[in-house]
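Hi everyone, thanks for coming. I have one structure to walk you through today, so please have a look at it with me.

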Amino acid sequence: MNYSEALEKLQSFGQQHLLHYWESLSESEQQQLLKQIVALDIPTFNLQKNLLKQQLKPLKNIKPIQDTVSEGTTDDYELGLQILADARVGCILIAGGQGTRLNLKGPKGLVEITPIRKKTLFQLFAEKVVAASKRAKAHLPLAIMTSPLNHEETVDFFKKNKNFGLLDEQLDFFTQEMLPFVSKEGNLFLESPSKIAQGPDGNGMSLRYFVNHKIWEKWKRKGVDYCTYILVDNPLADPFDPVLIGNHHRSQTDVTVKCIERIKADEKVGLIVKQDDKVIVVEYTEMPEAEKSAVDKKGKLLHRCANMSNFCLSMDFVWEAAKIPLPLHCNLKAAKNIDKEEKEENKAWKFETFIFDILPYAMHVRALLVKREMAFAPLKNASGDDSFESVQKALQHQAIAQFEKITGTTISGDHFFELGQEFYYPTPELKQKWKGKSLPASDYVEG
Ligand code: UD1
């Protein structure tokens with residue numbers, strides 16, 4: 001594409017202002033800008049504009065999901081262990097977001113999260129996979145979704161650290177795509193003279209990108225029948241939870257949603273509800289306040305289950321889900337705009353797809369309700385709720401509970417410590433070794 005072709009394309013949908021700084025650009029910057037203009041998809045832009053014109057559709061026929069919720073059993077656990085030992089499960093780790101609320105520049109996975117060793121989220125998850133693989137006596141596969149903004153840094157980080165013990169063949173990366181921001185006036189805009197403002201396109205298309213990158217085929221060849229789906233910003237997320245996997249297998253469903261009890265009406269979590277007899281998730285940004293705070297006769301929140309975007313999916317459904325045309329959602333977010341003054345609070349429309357929009361297409365979605373303190377401590381904000389501080393507390397709480405469970409002892413006092421991940425995926429040998437033992441004085445305890 002050359003300048004006049006670019007101008008013609010932009011004029012066709014009224015966005016020629018994107019060439020405003022053309023004359024001042026170096027040759028390589030001009031090439032960069034042209035590349036972005038080539039990639040602009042006019043039908044998508046029209047979809048974005050139409051979405052802005054629409055009012056949020058009122059939600060109809062929303063009901064609680066009580067009859068589709070179950071809690072895990074020891075049978076689920078044993079069955080899950082067997083399925084893992086047969087190497088029939090892989091894990092998709094979603095790590096493409098920007099961490100805007102944390103004021104981060106690099107990948108969110110690089111946040112040092114553990115209290116003593118200061119392991120990053122990426123290291124933590126890689127070590128969980130190593131430990132789960134050791135217990136299963138199989139190299140369980142992990143696929144990480146990055147975005148164009150953090151892909152290189154993520155891959156380099158794993159390379160530099162020898163994948164934290166994962167084999168190369170066990171680990172795959174795939175990248176999501178970007179979508180342009182739209183200004184409040186309804187136009188595309190530049191964040192710098194040669195760069196059109198855009199952001200990652202949400203986690204909804206992750207399964208499509210996973211399939212397009214041929215990882216689905218690779219896993220299927222290895223005999224993988226199920227995959228789990230976790231978000232990088234929840235350090236309590238378990239890539240290979242036997243209870244979830246066993247429960248999913250037993251229910252013979254397409255998707256099992258691992259969820260937790262909601263604790264307050266205004267928590268920023270998606271709500272799991274039923275609509276026309278289908279289990280769906282409605283994001284907190286789109287749920288009417290009345291539904292969020294609705295209570296039952298006992299005064300408990302009527303919609304009791306919160307989404308963590310933590311699923312177990314059957315691989316055959318993943319193949320189908322990759323083809324689903326997902327709706328766009330939009331939200332006003334901070335965005336850099338070259339033509340607006342720095343000091344002015346600059347917000348623009350960001351567009352995303354959401355992973356849970358695949359649920360209405362699945363057969364018999366089930367919800368598995370688990371204990372919040374062992375499953376959910378998201379890192380979202382720089383301070384307050386869901387911040388570094390609250391996550392550290394949750395990790396400490398989990399370590400105490402896990403150590404007590406394995407050893408059968410009780411920890412007293414406020415000793416601050418961290419457990420190696422092998423404690424969370426205990427082998428019979430580890431259980432035997434630690435039975436009845438009290439907590440060592442060191443602050444990092446290896447299995
Ligand atoms: C998400 C869930 C919400 C849930 C909450 C729990 C979705 C759509 N929403 O909301 O229902 O209750 O987590 O903590 O899943 N990400 C990408 N690429 C993107 C955007 C996000 O990889 O383009 C990743 C982020 O790195 C993060 C995760 O997806 O790990 C969630 O993204 P975020 O935008 O923080 O979602 P929440 O609004 O917190």
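I'll talk about the ligand site, then a helix pair, then two backbone details. Keep in mind throughout that this is a predicted model.

Let's begin with the ligand. There are 26 residues around it, and those that come nearest are Gly 96, Glu 283, Tyr 284, Asn 307 and Lys 380. If you sort that shell by class, you get 12 nonpolar, 8 polar and 6 charged residues.

Now for some polar contacts, and I'd like to show you three. On the nitrogen side, a ligand nitrogen atom sits 2.7 Å from a polar atom in the side chain of Gln 176. Then there are contacts to ligand oxygen: Gly 202 offers a polar backbone atom at 2.7 Å from an oxygen atom of the ligand, while Ser 309 uses an N or O atom of its side chain, 2.7 Å from a ligand oxygen atom. And how much of the ligand's own accessible area does the protein cover? On its own the ligand has 740 Å² of accessible area, and 93% of that is covered by the protein.

Next, please turn to helices α1, residues 3-12, and α2, residues 27-39. Their axes come within 10 Å of each other and cross at roughly 40°, so α1 and α2 are oblique to each other. As for handedness, α1 passes α2 in a left-handed crossing.

Last, the backbone. Most residues other than glycine have a negative phi, so here are two to look at. Lys 214 is not a glycine, yet its phi is positive, about 65°; you'll find Lys 214 in the loop between α7 (206-212) and α8 (215-222). His 364, also not a glycine, has a positive phi of about 50°, and His 364 lies in the loop that runs between β16 (347-352) and β17 (366-369).

That's my tour, and I'm happy to go back to any part of it.

Notes:
Residues numbered from 1 in each chain as written. Predicted model: local features only at pLDDT ≥ 70, side-chain atom pairs only at ≥ 80, totals over all residues. Heavy atoms only, no water. Near = heavy atom within 4 Å. Polar contact = N/O pair within 3.5 Å; in protein donor to acceptor, adjacent residues only side chain to side chain. Areas by Shrake-Rupley, 256 points an atom, 1.4 Å probe, with all protein chains shown as cover. Nonpolar A, V, L, I, M, F, W, Y, C, P; charged D, E, K, R; others polar. Axes fitted to C-alpha atoms, helices over the stretch in contact; angles between N-to-C directions. Helix = DSSP H or I, 4+ residues; strand = E, 2+ residues; numbered from the N terminus. Parallel < 35°, antiparallel > 145°, perpendicular 65-115°, else oblique. Left-handed = near helix turned anticlockwise from the far one by under 90°.
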